[in-house]
Amino acid sequence: WTPKQHRQALSFTMELGRKLGVTGRGRCSQEGLNCTLTGTAEAIRAFAQGLRDWDPVFNETDFKLTDGLEHGKRFKSLTIQKKQELVAYGLPPSM
């Protein structure tokens, strides 16, 4: 993503998660998005579809889903951090 798209992705992801009652942790960088989320099965699937509807790049995303997590084991809130890299290798951007 461009820097502008990166900001838009972060904003959209947070708003979508709040709207659907999804909780969890994530990282948003210009490379993309990496999240571990909890919520109802319907909310998590709606979140995945919301991303697909927002940006076609997510049509190729393999969302890994696990149903039946006990309510008490869910994340308490949603936190998506803006990062330079999804995985911090510390390499220069040209690599």
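Two residues are said to be in contact, or to touch, when heavy atoms of one lie within 4.5 Å of heavy atoms of the other. With that meaning in hand, this briefing looks at a predicted model and takes up three topics: the surroundings of E85, the pairing of two helices, and the largest pocket.

**The surroundings of E85**
- E85 is placed in the segment that comes after strand β3, which covers residues 78-82.
- Leaving aside residues up to four places away in sequence, E85 touches R27, S29, E31, G90 and L91.
- Between E85 and A48 there are two separations to keep in mind, since they lie 37 residues apart in sequence and 21 Å apart in space, taken from C-alpha to C-alpha.

**Helices α1 and α2**
- Helix α1 is made of residues 3-20 and helix α2 of residues 41-54, and their axes come within 10 Å of each other while crossing at roughly 150°.
- Because angles over 145 degrees count as roughly antiparallel, this crossing makes α1 roughly antiparallel to α2.
- The crossing of these two helices, α1 and α2, is right-handed.
- On the α1 side the contact is formed by Q8, A9, F12, T13, L16, G17 and L20, which meet A43, A46, F47, G50, L51 and W54 on the α2 side.
- Sorted by character, the residues in this contact of α1 with α2 comprise 9 nonpolar and 4 polar ones, with no charged residue among them.

**The largest pocket**
- A probe the size of a water molecule, rolled over the atoms, shows where empty space is left.
- The volume of the largest pocket is about 770 Å³.
- Its lining consists of 29 residues, and those that lie nearest the centre of the pocket are C35, T36, L37, F63 and K64.
- Two elements, β2 (residues 32-38) and α2, give two or more residues to this lining, and the largest share, 7 residues, comes from β2.
- The lining of the largest pocket divides by character into 13 nonpolar, 10 polar and 6 charged residues.

Key:
Residues numbered from 1 in each chain as written. Predicted model: local features only at pLDDT ≥ 70, side-chain atom pairs only at ≥ 80, totals over all residues. Heavy atoms only, no water. Axes fitted to C-alpha atoms, helices over the stretch in contact; angles between N-to-C directions. Helix = DSSP H or I, 4+ residues; strand = E, 2+ residues; numbered from the N terminus. Parallel < 35°, antiparallel > 145°, perpendicular 65-115°, else oblique. Left-handed = near helix turned anticlockwise from the far one by under 90°. Nonpolar A, V, L, I, M, F, W, Y, C, P; charged D, E, K, R; others polar. 1 Å grid on protein atoms, 1.4 Å probe; cavity = no way out; pocket = protein on both sides within 12 Å on 5 of 7 lines; lining within 4 Å. Points joined across faces, edges and corners; volume = space filled by probe spheres on them.
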